[in-house]
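I opened a new page for this protein. My plan is to go from the whole chain to single residues.

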Amino acid sequence: MWYNTNPMQDIKDFNLLGLEQLLLSWKSNSYHAKQIFSWIYQKGARDFNQMSDLPLDLRKRLKENFYLFGFDLAKLLSSRDGTEKFLFALKDKNFIEAVSIPAEERITGCISTQAGCRFSCYFCASGTLGFKRNLTSGEILEEVLYLKNNSKEKKITHLVFMGTGEPLDNYDHVLAAIRIINSPDAFNIGARRITISTCGIIPAVKKLSKEGLQIELSISLHAANDKTRSRLLPINKKYPLADLMAACREYIKNTDRQITFEYVLIKNINSALPDARNLSKMIRGLNCKVNLIPCNTIEEQKVEPPNKLEILLFRDCLLKTGVNVTLRRPRGQDIEAACGQLRLKYEKS
Ligand code: SAH
């Protein structure tokens, strides 16, 4: 059986159907799959031995073949504002980060999808270390599980795929993880509370529009002309703005969902009033909103946010032209958990 070729496989790489098939191939009962799911994703089991409603021999066999957790916590940083950043060492000694951002009675988890990133955006620290590899769906789920198990009082209600990496460059694993995050048998986090953020991989945006998922899509736009956008996001040379906007229109039509455009404001690059006017013109008529994010300073890249006045003028220009716009202030800056350090912005200012 292919399941047994690797004696130490991550059980979280299995979806419910896969687990049911595994159990049947072991001449066990497929209904144990739901129990296993519940132990892992709902009851926070740390060991197969804890799964007390499973037959003993099944627990033993699971333990011989699978592991439940593969990460080592390399570092935990806590911010004054309650944000916590986890640095995990993966089994192959690559490192990834996940962030927990508390608001009143809920927590938003910010999740990485790749070790490193291959897109080298001008203002983002992730690309500077290069690309290592895609995360498996089990690893993506382990980030969520870790945040969940770590937080005693508040529940994780929202997830944003805005950590390191490009989610749509690791499409299959991210989608497999999302289906489990969304499943009532596992985390049961509503699709509308899950956000994928992308630099604009057009074929993947098109594919996503046909998945029948109610998730939120954010497009990292950051410029309204190709010259500036290609400078900020080199991927724009492959997927230029006109094509990206066409893909967004198609996405909105296919899903009947609103898109969010993320716009990181960077001094002397994309934050002048003509930029705001171009942006407004470009997205006119689209069912969308714009999220303005004053950039976090990244020393190596020499990017700085504009001053407060310039930020407000930019926002007001969008407002006046009827754009649905929010201005966000970053969280976790003192622990480098903020966007581009570990890009994270999650509270309305
Ligand atoms: N690759 C995906 C997701 C990771 S980045 C994407 O590009 O969307 C998540 C968000 O953080 C993106 O909108 C990204 O543009 C933003 N970001 C990156 N560096 C930043 C910085 N220095 N300041 C503010 N936001 C930043």
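**Entry 1: the whole chain**

I began with burial: 57% of the 349 residues of the protein count as buried, where buried means under 20% relative accessible area, exposed over 50% and partly exposed in between, with a 1.4 Å probe and protein chains only. The model is predicted, local features need pLDDT of at least 70, side-chain atom pairs count only at pLDDT 80 or more, and totals for chains, interfaces and linings use all residues. Residues are numbered from 1 along each chain as its sequence is written, and side-chain values use heavy atoms, with hydrogens and water left out.

I looked up the overall dimensions next. The radius of gyration is 21 Å, which agrees with the value near 20 Å for a compact globule of 349 residues; it is taken over C-alpha atoms, and the globule rule is 2.2 Å times the number of residues to the power 0.38. The C-alpha atoms fill a box of roughly 70 × 40 × 35 Å along the principal axes.

I then checked contacts (heavy atoms within 4.5 Å). Of those between residues at least 6 apart in sequence, 63% join residues at least 24 apart.

**Entry 2: strands β4, β5 and β6**

I noted 10 helices and 15 strands in the protein; these are DSSP runs numbered from the N terminus, helices being H or I with at least four residues and strands E with at least two.

I picked β5, residues 95-102. Seven of its eight residues are buried, so β5 is largely enclosed by the rest of the structure.

Which strands pair with β5? Strand β4 (residues 84-89) does so in the antiparallel sense over six bridges, and strand β6 (residues 106-110) in the antiparallel sense over four bridges. Two strands pair if DSSP finds at least two bridges between them.

I looked up single partners too. E84 has S100 in β5 as its bridge partner, and P102 stands opposite I107 in β6.

Both connections are hairpins: β4 and β5 have five residues between them, β5 and β6 three. In the β4 and β5 hairpin, K93 takes a positive phi near 70°.

**Entry 3: two more positive phi values**

I found N188 in the loop between α5 (171-182) and β10 (194-198). N188 is not a glycine, yet its phi is positive, about 60°.

H222, in the loop between β11 (216-220) and α7 (226-232), is not a glycine either and has a positive phi of about 65°.

Are these residues buried or exposed? N188 is partly exposed, at 48% relative accessible area, whereas H222 counts as buried, at 3% relative accessibility.
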